[in-house]
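Open the model in your viewer and keep the sequence panel visible. The stops below can be selected one after another.

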Amino acid sequence: MSRFSSCFNTDSLKGNLRFFILNILLFVILSVTVFLIFMTKSQLNKTYYNELNAIVKLQKQSVEKWINERELDIKFLASQSYTNSKKIKQFFESFVLNQSEFYSISYVSKNGNTLVESTFDTKHYFGDEEFFLDAIDGMDTISKVRILDDSKMPIIYFSSPVFDEYNEVLAVVVGAVRLSSIQNLVEDFRFSKTGETYIINEENKLLTKRKYEDIISLNGIDDRYKSDGFYTSYSGDDVLGVTTKALFDRWTIVAQIATTEMYKVFKTFIAYMSLFVIVLLIMIIPIILHFSNKIERPLKSLLKGSKTIENGEYGHNINSDSITHSTVEIRELTHSFNSMSNKLNSVIGELKLSSTIDVLSQLFNRRELMRLSTLAYKKAKKENTTFSILMIDIDHFKKINDNYGHRIGDVAISSVSNTIKTSLNASDIAGRYGGEEFLVFIENSTLEQSEQIAQRIRSNVEDLEIRGEEVIFKATCSIGLFYKDSIDFTLSLEDMIELADQSLYRAKENGRNKVEITIG
């Protein structure tokens, strides 16, 4: 001890210099330590917040996609042609057996009494239900969450009106869907050890199981789940949570993670830093550079990666070479980040595709069709090039639906759509404009080339055999062609589409299965 004191004896110049250097080093070490602790915690909070925010947004898209699929199921059932109660029950029972999402399906009369029930002999009365009354008015509706008294099972009802030949509501098809069906959607977005997502309705009741407890046995939910940020969970743990609304703001989707897990790496960092201060007094500069780089580099990579994903570059991965010598916790966190990023990129890719393609025709939907056509129109206007717009309509489509049913009508639309696609060049833009109507934008073409394409489509559709269930028939189409042959672009794209539509109308008036041309 006397030797140590003599090294820092302030009575000597050497001792004063050593003491001064020691104090400067301690001040710098403490300042750097405090700064690194603050920045690391701030960056870690921001990284987790961005990840949770991305999760709830993706969860919302998945839930709404699931709801849309159930709505389409009920609309499909309501669109069928039924002859008697026995066949309805057989069809409903078969559908429920093959479609596990549905708990039961009911065929309900206009007065609210159940005529046919797929699952039970008990006949339910829906006459005083708000969603049923809306369905009687001709709307497809979704009920609030209901808890079945006999099973305590939460369900929601999807309903769709059944129309007669005079387009009057004849009855209503009501489908009860187990909310447990969305449990798999929720579990797909659970992550790490304590990270979880769950859904709450407008009455602050859980619609899905928490990570560790069943929905029935759970006594409470997080009191402050409605506020993004840090709060105390029902179990007394401090968590970071992010929320978003779904189903017309009826449901709240919550994603949260315990701060104990978030700060596991951070606490390790603090322990190392404390050790680092002691070692630094002995090793000084080399150790502080080594240790700070070991901690800071992977955290900066995580922060940079989360910002990259936040800016829309889904699928971004952190280079594993940059964390080879990091702690186990940092490597696990980075691996989880890369895994989540890849999954997010895959799901976003599927959602982007489904948002641009019409499901039935496999052509562009109207929104994407108009976006691409607008870009092509602006390009033609800028470069003073010619183009054509084809408006195509299946002749006597209503008769096809009336004679064979809407399902065969869908087959006709699908078959004609494929014929249109195979009749075009790769550069042509084709999409479903609405119903049985299609629009094609042909860039940089002559009138003769455009007419040849239109005639080829017309001829191929005329030669097409449409095959449905036990039925084979032919169909024709009428085509209106608008050809833009001058550099005068006073007409808007909408005006030109209207001119193509007028040409289509002339083709219909002149006997159908024809191509009529307007030059502008």
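Two strands count as paired if DSSP finds at least two bridges between them. The model is predicted, and the tour starts with a pair of strands.

**Stop 1: strand β7.** Select residues 196-200, which form β7, and then residues 251-258, which form β10. The two strands run antiparallel and are joined by 5 bridges. Within this pairing, I200 of β7 stands opposite T252 in β10. Now show the side chains of β7: is the strand covered or not? It is mostly covered, with 5 of its 5 residues buried. E196, Y198 and I200 are on one side, T197 and I199 are on the other, and both faces are covered.

**Stop 2: the largest nonpolar core.** Select I156, V173 and W251. Of the 49 residues in this core, these three touch the most other members. Next, select residues 13-78, helix α2, which supplies the largest share of the core, 12 residues. In soluble globular proteins, nonpolar side chains tend to be buried together.

Return to I156 and display its surroundings. Which residues does I156 contact once its neighbours within four places in sequence are left aside? The list is W66, I142, S143, K144, V145, G175, A176, V177, L179 and W251. Another core, of 30 residues, lies apart from the largest one. To find this other core, select I413, A454, V461 and A475, which are among its members.

**Stop 3: helix α11.** Select residues 397-404 and look down the helix axis. The buried residues of α11 are F397, I400 and N401. Why do they line one face of the helix? Seen down the axis of α11, the buried residues fall within an arc of 95 degrees, so they line one face. An α-helix has 3.6 residues a turn, so residues three or four places apart point the same way. On the other side of α11, K398, D402 and N403 are exposed.

To see what the buried residues of α11 pack against, add β11 (387-394), α12 (406-423) and β15 (471-474). Then select G405, just after α11, which takes a positive phi of about 100 degrees.

**Stop 4: confidence.** Colour the chain by pLDDT. The mean for the protein chain is 80, and 77% of its residues reach 70 or more. Confidence is lowest in helix α1 (residues 2-7), at a mean of 50, and highest in strand β13 (residues 437-443), at 96. Finish at residues 214-220, where the pLDDT is below 50. Beyond near neighbours in sequence, this stretch has 11 contacts in the model.

Definitions and conventions:
Residues numbered from 1 in each chain as written. Heavy atoms only, no water. Core = buried A, V, L, I, M, F, W, Y, C linked by side-chain atoms within 4.5 Å. Buried < 20%, exposed > 50% of the residue type's maximum accessible area, 1.4 Å probe, protein only. Helix = DSSP H or I, 4+ residues; strand = E, 2+ residues; numbered from the N terminus. Contact = heavy atoms within 4.5 Å. Arc of directions from axis to C-beta. pLDDT = per-residue confidence, 0-100.
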